[in-house]
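Grab a pencil and work through these exercises at your own pace. Each one comes with a solution, so try it before you read on.

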Amino acid sequence: MKIIIPHAHIINPDEFFRADICIENGKISSLESPGTLLDTEDAKIVQTGGVFVLPGSIDPHVHLSLETPAGLSADDILSGSDAALAGGVTHIMDFVTPLRGQSLTKALEKKISETQYYASVGLSFHMGISGWLPDMEQQMEICVKEYGIKSFKVYLAYRENIGIGYEELEKIMKISARLGTILLVHAEEHEMIENLQKEFLEKGQTEPKYHALSRPPKSESTAIKKVINLVKETHCKTYFVHISSAESAHLIAEAKKESLPVYAETCPQYLIFDDSVYEGSFEKTAPYVFSPPVRPKQHRELLWQHLHDGTFDTIATDHCPFTMEQKMAGRDNFTLIPNGAGGLEFRIPLLFHYAVLQEKFSLQQWIKLCTSNAAEIFGLKEEGKIAPGADANIAFFNPVKQNTLTAAKQAQQCDINIYEGLTVRGHVEKVFYKGEKVII
Ligand SMILES: [Zn+2]
């Protein structure tokens, strides 16, 4: 049966207009002048009530059931799908993180078998590389040709288990450039961080705030600088995840001016908070232990400026919630607190409230940064836009309704909400995934 959404106020990445939307077989079959499809026979009419109609969003950076020494991250594919839908997100990109020495395809097959029947939104993977393998080139090629992988991911931090060094990075970048894939890089200087962690712990400085102090802005920008030099050499398409500091953003802006193939992502947590979140009790501050950490205020202001100037391509969440019980693993040692926080269901309203309503950027930039740019960068050709032929992934967004964000009412499976108590204007009301209405 056809579904008609009449008089929709559509916000696309390039324009804001009114139209009737016709959905057939999971696709948007046509857009017509407002009111013209109301009399369509055998159609179900879904009224919007005058709210905004957005393309289903894409979050290119999400971790579900991530294995850590404190156990799996709190959201699995089922609760993660729910959190996505609650936030108007119809496609999430998770990571396959092989154990060091494990073959890429084995890890990928395991992840596919664990998730394939359980996602109620679009799900795709960035293939992680956790160490050099003798047949790396061949393995990466198989991931691309046989499994449709379009992106790889490396960590420069966490060398003790999944991170890699710059020599390995250079070799991987050369292969990725040859395969035409994009490489996601978590850029933090491992040794600088490790030394600072040791210094703090030796002095008995064990609280969560030392997590932030052991990963200073320089630990990010130093790594970014080295990676950009490797981009010049290898021409590898490189996507910097979760940029948190001003100097890093500046280096990326300069690289873009030189037309290097670099892309950058930031996250709401770096745009909304400053490092005062690390002042207070363990219970108050441990939720903000994620990497990179939240920076002093001046960084936040400059990140907004860089968003405005186009340095950033995407705003993702790095969604990776842990419960308070899991965070307690680091009660006496900040290096044992699992790194991560949830945000998947809040990104669209948060950015509407803190950016669009405060005129930091336009409705179109909101859609570009949260949705359509990711579709373009990661080759999701039928998503990111409300247009004939696209998947019928659609979110109704009420721009007036206010909500107070709280763990008690969230879809993510976690008792912590880093946005606890914030009241934001803007609420996702209905979501269609491939033409099926999935939340009301
Ligand atoms: Zn991440």
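**Exercise 1: a serine and its surroundings**

Setting aside neighbours within four places in sequence, Ser151 is in contact with His126, Thr181, Ile182, Leu184 and Phe378, where contact asks for C-beta atoms, placed from the backbone, within 7 Å. Before going on, know that this is a predicted model: local features need pLDDT of at least 70, side-chain atom pairs count only at pLDDT 80 or more, and totals for chains, interfaces and linings use all residues. Residues are numbered from 1 along each chain as its sequence is written.

Task: find the strand that holds Ser151, and decide whether Ser151 is buried or exposed.

Solution. Step one: Ser151 sits in strand S9 (residues 151–155). Helices (H or I, at least four residues) and strands (E, at least two) are DSSP runs, numbered from the N terminus. Step two: count neighbours. A residue is buried with 20 or more other C-beta atoms within 10 Å of its own, exposed with 12 or fewer, and partly exposed in between. Ser151 has 23 C-beta neighbours inside 10 Å, so Ser151 is buried. Step three, for scale: Ala107 is 44 residues from Ser151 in sequence, and their C-alpha atoms are 15 Å apart in space.

**Exercise 2: two helices crossing**

Task: describe how H4 (residues 166–179) and H7 (residues 217–234) cross.

Solution. Two packed helices are described by the angle between their axes and the distance between the axes. Step one: the axes of H4 and H7 come within 10 Å and cross at roughly 40°. Axes here are lines fitted to C-alpha atoms, for helices over the stretch in contact, with angles from 0 to 180 degrees between N-to-C directions. Step two: that angle makes H4 oblique to H7. The label goes by cut-offs: under 35 degrees is roughly parallel, over 145 roughly antiparallel, 65 to 115 roughly perpendicular, and the rest oblique. Step three: on the H4 side, Tyr166, Leu169, Glu170, Met173, Lys174 and Ala177 meet Lys226, Leu230 and Thr234 of H7. Step four: sort these contact residues, and you get five nonpolar, one polar and three charged. The groups are Ala, Val, Leu, Ile, Met, Phe, Trp, Tyr, Cys and Pro as nonpolar, Asp, Glu, Lys and Arg as charged, and the others, Gly among them, as polar.

**Exercise 3: along H7**

Task: compare the expected and actual span of H7, then see what covers its buried residues.

Solution. Step one: the expected span is 1.5 Å times one less than the number of residues. For the 18 residues of H7 this gives 26 Å, and the end C-alpha atoms are 26 Å apart, so the two agree. Step two: the buried residues of H7 include Ser219, Ala223, Ile224, Val227 and Val231. Step three: their cover includes H4, strand S10 (182–186) and helix H5 (190–202). Step four: just after H7, His235 takes a positive phi of about 60°.

**Exercise 4: backbone oddities in loops**

Task: where are His242 and Glu359, and is each buried or exposed?

Solution. Step one: His242 lies in the loop between S11 and H8. Though not a glycine, His242 has a positive phi of about 30°. With 23 other C-beta atoms within 10 Å, His242 is buried. Step two: Glu359 lies in the loop between helix H13 (347–356) and helix H14 (363–377), with phi near 55°. Glu359 has 7 other C-beta atoms within 10 Å, so Glu359 is exposed.

Note on methods:
Contact = placed C-beta atoms within 7 Å.
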